[in-house]
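I opened the file today to look up a few local features and to note them one by one.

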Amino acid sequence: MRLHPHVSMADTADGTVLLHQRTGRYWQLNTTGSRVLHHLLDGETPEGIAAGLVTEHGIDPRRAEQDVRAVIGQLHTAELVVAS
């Protein structure tokens, strides 16, 4: 997965800000959403990202995978990422 060609990204103390330059819309990801995005851009699978969240936060594995897939769905819907 990679950023959409018209999207700029900047990391902040609280997560990540994305700007879709074609639409002019800004998106703010919290630290967990930012982590998901960075791991996706590094080529990690949703399952691997979810497993990391389970280990780090001790949450239910099914919940972690649902949350990761929800973030991915929102990133796609907003046209912030595309399949590579």
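Entry 1, the helix α1. I looked up which residues of α1, spanning residues 31-41, are buried, and I found G33, S34, V36, L37 and L40. These residues lie on the same side of α1, because the arc they cover around the axis is only 160°. I keep in mind throughout that this is a predicted model.

Entry 2, the ends of α1. At the N-terminal end I noted N30 as the cap, with a side-chain oxygen 3.1 Å from the backbone nitrogen of T32. Just after α1 I came to G43, which takes a positive phi of about 90°.

Entry 3, the largest pocket. I looked up how much space lies in the largest pocket, and the value is about 280 Å³. The lining is made up of 16 residues, and the closest to the centre of the pocket are N30, T32, G33, V71 and Q74. N30 is thus a residue I meet twice, as the cap of α1 and among the residues closest to the pocket centre; G33, likewise in that central group, is one of the buried residues of α1.

I then asked which elements supply at least two residues each to this lining, and I wrote down β4 (25-29), α1, α2 (46-57) and α3 (61-77). The largest share comes from α3, with five residues. By type, the lining divides into nine nonpolar residues, six polar ones and one charged one.

Entry 4, the largest nonpolar core. I went through the 18 residues of this core and noted that L18, L37, V68 and L75 touch the most other members. Two or more residues come from each of α1, α2 and α3, and α3 gives the most, with five residues. L37, one of those with the most contacts to other members, also belongs to the buried set of α1.

Entry 5, A50. I found A50 in helix α2. Is A50 buried or exposed? A50 counts as buried because its relative accessibility is 3%, and the cut-off for that term is under 20%. I also looked up the separation of A50 from H6: the two are 44 residues apart in sequence and 27 Å apart in space, taken from C-alpha to C-alpha.

Entry 6, E79. I located E79 in the loop between α3 and β5 (81-82). Although E79 is not a glycine, it has a positive phi of about 55°. With a relative accessible area of 38%, E79 is partly exposed.

Key:
Residues are numbered from 1 along each chain as its sequence is written. This is a predicted model: local features need pLDDT of at least 70, side-chain atom pairs count only at pLDDT 80 or more; totals for chains, interfaces and linings use all residues. Side-chain values use heavy atoms; hydrogens and water are left out. Buried means under 20% relative accessible area, exposed over 50%, partly exposed in between (1.4 Å probe, protein chains only). Helices (H or I, at least four residues) and strands (E, at least two) are DSSP runs, numbered from the N terminus. The arc is that of the directions from the helix axis to the C-beta atoms. A polar contact is a pair of N or O atoms within 3.5 Å; within protein, one must be able to donate a hydrogen and the other to accept it, and residues adjacent in sequence count only if both atoms are side-chain atoms. On a 1 Å grid over the protein atoms alone, a cavity is a set of points where a 1.4 Å probe fits but cannot get out, and a pocket is an open set with protein on both sides within 12 Å along at least five of seven lines; lining residues have an atom within 4 Å of a point. Grid points are joined across faces, edges and corners, and a volume is the space filled by probe spheres set on the points. Ala, Val, Leu, Ile, Met, Phe, Trp, Tyr, Cys and Pro count as nonpolar, Asp, Glu, Lys and Arg as charged, and the others, Gly among them, as polar. A nonpolar core is a set of buried Ala, Val, Leu, Ile, Met, Phe, Trp, Tyr and Cys residues joined through side-chain atoms within 4.5 Å.
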